[in-house]
2 protein chains.
Amino acid sequence: MSNRPPSMRDVARLAGVSLSTVSRVMRGVPGVSPVVRERVQSAADELSYVVSRNASGLVTGRTGRVAVIVPFLQPWFFGSVLAGISDTLRHADLDMLVHQVGELRGQRGWTRSLPLRRNSDAVITVSMDLSSEECERLDDVGVPLVLTGQKVPGRACVFIDDRQGAAKATRHLLNLGHTRVAYIGSTGGPWLSLSSRHRLEGYRAAMADAGLPEWSVLSSPGRRGGELAMGELLAEHHPPTAVLTEFDDMAMGAYRTLRRSGVPVPGAISLMGFDNHEVASVLDLTTVDQAPRAIGTAAAELTIGILNEDAPHRHVEMPTQLILRQSTSTVRERP
Amino acid sequence: MSNRPPSMRDVARLAGVSLSTVSRVMRGVPGVSPVVRERVQSAADELSYVVSRNASGLVTGRTGRVAVIVPFLQPWFFGSVLAGISDTLRHADLDMLVHQVGELRGQRGWTRSLPLRRNSDAVITVSMDLSSEECERLDDVGVPLVLTGQKVPGRACVFIDDRQGAAKATRHLLNLGHTRVAYIGSTGGPWLSLSSRHRLEGYRAAMADAGLPEWSVLSSPGRRGGELAMGELLAEHHPPTAVLTEFDDMAMGAYRTLRRSGVPVPGAISLMGFDNHEVASVLDLTTVDQAPRAIGTAAAELTIGILNEDAPHRHVEMPTQLILRQSTSTVRERP
DNA sequence: CTGTTAGCGCCTTCAA
DNA sequence: TTGAAGGCGCTAACAG
């Protein structure tokens with residue numbers, strides 16, 4: 001509190017050298033004798049001096065910061081991605097600036113309202129499902145843009161193969177002998193529509209391959225949607241024997257309906273989710289893992305690569321993995 | 001990509017005014033005629049010009065950024081707190097810098113390894129349970145420090161009354177007629193020990209008030225710990241009829257053990273958590289809400305108040321609230 | 001109401 | 001290997 005923190009000048013004075021020498025030492029560039037380097041270092045330590053990114057950034061044009069844009073911070077998924085990004089950036093000595101834009105979204109020109117330009121070296125979006133217009137707006141910021149959760153030709157992105165993941169999940173149910181396999185998907189969710197579409201397509205393809213009719217119910221995204229959709233399915237004359245949901249959240253809603261209706265899982269209905277939500281294990285829910293933390297790590301690495309101008313590949317596809325638990329089993333025809 | 005982004009000079013040239021005029025307009029300070037203001041504004045828009053916080057910060061000594069330190073980003077709780085902080089800071093035109101220090105923790109001097117100094121106007125810690133030594137190290141950064149999740153005399157902090165919350169929860173179980181009420185707590189968790197202690201104390205106090213013996217099992221934090229602890233309790237000759245856990249995560253573990261052991265909830269055992277985890281509702285778990293998002297909001301408001309030097313009160317206690325669901329019921333003696 | 005001037009702390013020439 | 005000078009983009013005094 002009080003006076004300004006020590007500046008490079010203070011360190012220089014204490015070490016008895018010039019500003020440039022201190023600067024060289026702090027940046028770790030060669031061209032300083034070991035003796036002097038040591039002297040400057042201890043002077044800096046004594047004052048607990050830290051280089052101001054503000055000032056150095058003014059000169060170099062780099063801020064040492066990466067902006068991360070997420071729709072919401074609350075859901076488990078985003079926390080995981082951020083965790084991966086954060087750790088990776090720190091090792092590259094970059095800070096993470098987080099912008100939650102869920103509420104802003106929809107306002108025209110929300111990209112402009114963020115103080116991104118000149119305030120970060122790169123922008124990472126997390127499952128924002130950006131339109132190409134929005135992408136271009138972000139390009140306007142003038143720094144590299146890395147997308148996660150969507151695949152856009154010509155742009156750096158990290159994504160999973162939603163289609164394949166959903167197909168894999170569907171096949172798992174089919175292999176268990178189920179033939180009446182329903183799908184609960186979401187609609188109207190503002191930032192997931194692309195991946196929603198792909199997962200639905202994956203389900204459809206797997207069903208078609210097996211020569212079975214598709215049976216999908218679309219509902220509002222989230223737990224409540226799952227609850228309602230499952231209610232609809234149960235009201236049918238011949239309910240399905242297996243249900244795949246677009247993501248675990250919806251599976252949880254579906255699970256709740258099943259529990260309240262006294263329908264045993266997986267006794268009467270096998271239930272499957274997608275995401276490997278942190279509590280899927282609590283419910284023993286069979287699901288598809290998409291390693292959100294690894295997505296964050298990959299996005300950060302891609303970003304660092306681009307900043308160093310040695311970006312090897314700009315499209316990174318992350319693997320999905322079937323997580324088998326107790327909520328699915330071989331088909332048992334109802335009495 | 002390419003040339004430097006437009007600077008204030010470019011805007012000034014385009015609008016045909018001087019630098020200071022542009023500066024005044026951008027900062028929204030009075031003393032500019034509406035006509036000129038309008039002209040400058042549209043010039044800025046045309047160039048999609050954004051003020052560089054770097055440069056202005058150099059002059060004002062303010063960075064326009066607040067650093068938030070969290071142990072981990074993954075758990076639901078932290079995401080919620082961050083969500084509250086983020087929205088509140090944005091309205092004050094401050095950016096949020098997030099540092100995840102879980103892995104660093106334990107290394108001596110981890111506070112020094114963060115580039116906080118000169119890079120943020122204030123520091124908010126989230127459930128870090130800092131030692132006074134660590135607090136002092138952070139003071140060294142020279143910016144205001146706001147703590148959440150712990151109460152330290154003389155420091156700005158936002159916290160809940162863990163003792164009271166746990167006592168309230170215990171009394172809820174007692175009021176249902178339970179007399180064999182056990183408590184599952186965590187031990188060894190690096191960043192929750194303070195609140196752990198308080199919750200345990202709250203349980204003990206409520207039991208003592210009712211003239212009942214306490215019955216606590218401490219286990220590792222997290223779901224696994226809850227699983228094991230509940231296993232221990234079930235192995236007893238006369239298991240408890242009600243169990244309070246230190247937090248929902250442990251309750252989920254306990255729930256899993258109960259489900260696998262075929263013990264009906266709340267038929268045989270009433271189960272209660274603490275936190276109101278986002279999936280507590282899926283499990284119909286009775287719990288205590290501590291509104292993490294509101295904690296974040298309060299912390300950010302407190303921070304803004306301190307930065308504006310009009311901080312009214314520096315200790316903010318957040319209320320806790322009993323959330324009644326289906327996992328607790330009146331005692332029914334076992335057959 | 002508007003423009004001019006002098007730094008903020010640092011990096012990058014260039015010269016010694 | 002070291003130092004001196006200039007300027008990065010902006011704000012805060014001033015002067016007009």
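Reader: What rotation and shift superpose chain A on chain B?

Author: In this predicted model, a rotation of 180° with 0.2 Å of shift along its axis superposes chain A on chain B, at an RMSD of 0.4 Å. The fit is by least squares on the C-alpha atoms of residues with pLDDT of at least 70 in both copies. The two copies are therefore related as by a two-fold rotation axis.

Reader: What makes the surface of contact the same for both copies?

Author: Of the contact residues of chain A, 98% recur in chain B; contact requires C-beta atoms, placed from the backbone, within 7 Å.

Reader: Why are E7 and E9 of chain A said to stand at the edges?

Author: The open, parallel sheet of chain A has the order E7-E6-E8-E9, where pairing requires at least two bridges found by DSSP. Strand E7 (216-219) and strand E9 (270-272) of chain A each have a single partner strand, so one side of each lacks a neighbour in the sheet. Strands are DSSP runs of at least two residues (E), and helices of at least four (H or I), numbered from the N terminus.

Reader: What joins strand E6 of chain A to E7(A)?

Author: Four bridges join these parallel strands, which meets the requirement of at least two. Tyr183(A) has Ser216(A) as its bridge partner in E7(A).

Reader: Which residues are closest to DNA strand D?

Author: They are Ser18(A), Met8(B), Ser23(B), Ala55(B) and Ser56(B), from 26 residues that surround DNA strand D; a residue is near if its C-beta atom, placed from the backbone, lies within 6 Å.

Reader: How are residues and chains labelled, and which residues are admitted?

Author: Residues are numbered from 1 along each chain as its sequence is written, while chains are lettered from A and ligands numbered from 1 in the order in which they are written. Local features need pLDDT of at least 70 and side-chain atom pairs count only at pLDDT 80 or more, whereas totals for chains, interfaces and linings use all residues.

Key: Two residues are in contact if their C-beta atoms, placed from the backbone, lie within 7 Å.
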